[in-house]
Protein chains: 2
Amino acid sequence: MKTDSPAIYADLKNKLMNARFGPGEKLKPASLQGEYGCSANTVRDVLLRLTKVGLVEFEMQRGFRAQYTSPEKRNDVTRFRSMLEQEGVTLSMKLGGISWEAELTAAHHRLSHLESEFERSGDLADNPDNMKLWTNAEWSFHDTLISRCGSPMLRDTYENVYGQFRQQMVAQESGFGRSYFSAIIHEHQAILDAALSRDVTACRAAINDHLKRNYTQAVALEAAV
Amino acid sequence: MKTDSPAIYADLKNKLMNARFGPGEKLKPASLQGEYGCSANTVRDVLLRLTKVGLVEFEMQRGFRAQYTSPEKRNDVTRFRSMLEQEGVTLSMKLGGISWEAELTAAHHRLSHLESEFERSGDLADNPDNMKLWTNAEWSFHDTLISRCGSPMLRDTYENVYGQFRQQMVAQESGFGRSYFSAIIHEHQAILDAALSRDVTACRAAINDHLKRNYTQAVALEAAV
DNA sequence: ATTCTGGAAAATTTCAAAATTTTTCCCTAT
DNA sequence: ATAGGGAAAAATTTTGAAATTTTCCAGAAT
């Protein structure tokens, strides 16, 4: 028999990022095996790989759990993401050229188009397919922001942290209503403008503003000098 | 039969961090299995876990490899480490109190003692046990530096990156001779002094100075504002 | 000489069951 | 009642082999 573990990986990742498992819920290979028509070991294998991107928690002899969600965890993920994105975009602004500006503008255009639509009629965001479009566009914009940082490790780490950030956000169900989109439209615009005008300070501030709704703690990770 | 997979994990990790495998060398479970008297799948399991800390490279259907080493990779790891450490210590300086200063002083004392000994008689560094002592002390000092940053994610990430940094360093065989220790003694001292006097700028610079021997590229990841 | 093809060899993934460990829960002793 | 013990149940890890995929190489065709 042949089972498609990439598909299992993708499906589990998707479920993890969409709060289809409760916070800290136990992920038992023997149980999930039925869902996918494969052996328990295959599920174990996939879970082990999902551990690498931080979506799954693993402890020896104690199995797997969906990542816990909590205000502390959300703070931590958000601040760390903010720090990485600020550092990454600062480098991109220094190293990126015309092609970067073009890609960034394009990514922002796709994103803002969707967000404008969602702002006009909030119902659109209820459609999972539409949300997937927005999710991809949002990721693409932020990834492009740091794409010229020149550091593969920073980029890879950012990708994992971004995924965990989304995992925490979705879990807390802070709705994606019309008001949400009308707020972030301006935030994304501010980030774009600052990036294109190579204003490091403004861009750092814009990123911080964009993310600060997601953490309550006073001190930001991007320590002021 | 019962096999001790924590021991296998530890042994493989140790070998990986001490260049006992060549850069990008293939890590075949079926071959390693004999070494440890366990099944191939157990090795696979361990390798998958080592993937999480970045010591092992994994690709679907294509198996495992020891991390590649190259000037580019070394640059990347070093700059990323420098960035994380600077951010972490900046936060620690802001949030850490008396207890932090005490721990940091203690960690530095243990470290500098060893380094002084190694400087006096370079032969000491040839003894693997002594090197292990130094390695632990060095890690402890740098970990303590960022220990009050308030961000578990930053700390965990730093730990992984530090491990990969060491992996790259050892691989390139840039000897740990007497001159090496006499150089870093002052660098560690400068970091300690700046940290204790809460001089953020000086501390960032000291960390950069400490690491800059390990990268050739002009642009540092810690982007100037 | 170079590229293409087929199939054998090697390596990786998957399976299902056995061995081990952890957890649960009921019974007993204080 | 409550804490402690211990066996049964559940979950995790490990195994050895089968199934699948990739790699390698010799021979044929261009």
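This is a short talk on how two protein chains meet DNA strand D and each other in a predicted model.

Okay, so DNA strand D to begin with. There are 20 residues around that strand, and the ones that come nearest are Lys26(A), Arg44(A), Gln61(A), Ser39(B) and Thr42(B). Which parts of the strand come within 4 Å of the protein? Sugar and phosphate, for the most part: they account for 85% of those atoms. By type, the residues on this surface split into nine polar, six charged and five nonpolar. Helix H3 (40–52) of chain A and helix H3 (40–52) of chain B each bring at least two of them.

Now some individual contacts. On chain B, a polar backbone atom of Ser39(B) is 2.7 Å from a phosphate oxygen of strand D, and Ser5(B) has a polar side-chain atom 3.4 Å from a phosphate oxygen. For a base contact, go to Asn41(A): an N or O atom in its side chain is 3.0 Å from a base oxygen of the strand.

Right, on to the protein–protein side. Chain A and chain B put in 40 residues each, and they bury about 3200 Å² between them, with 67% of that on carbon and sulfur atoms. The rule finds two salt bridges across the interface. One of them pairs Asp45(A) with Arg44(B), at 2.8 Å from N to O. On chain A, the elements giving two or more residues to this side are helices H1 (5–17), H3, H4 (71–95), H7 (152–171) and H9 (200–211). H4(A) gives the most, with 11 residues. As for make-up, that side of chain A has 20 nonpolar, 11 charged and nine polar residues.

Technical notes:
Residues numbered from 1 in each chain as written. Chains lettered and ligands numbered in written order. Predicted model: local features only at pLDDT ≥ 70, side-chain atom pairs only at ≥ 80, totals over all residues. Heavy atoms only, no water. Near = heavy atom within 4 Å. Polar contact = N/O pair within 3.5 Å; in protein donor to acceptor, adjacent residues only side chain to side chain. Helix = DSSP H or I, 4+ residues; strand = E, 2+ residues; numbered from the N terminus. Nonpolar A, V, L, I, M, F, W, Y, C, P; charged D, E, K, R; others polar. Contact = heavy atoms within 4.5 Å. Buried area = accessible area lost by both parts, 1.4 Å probe. Salt bridge = Lys/Arg side-chain N within 4 Å of Asp/Glu carboxyl O.
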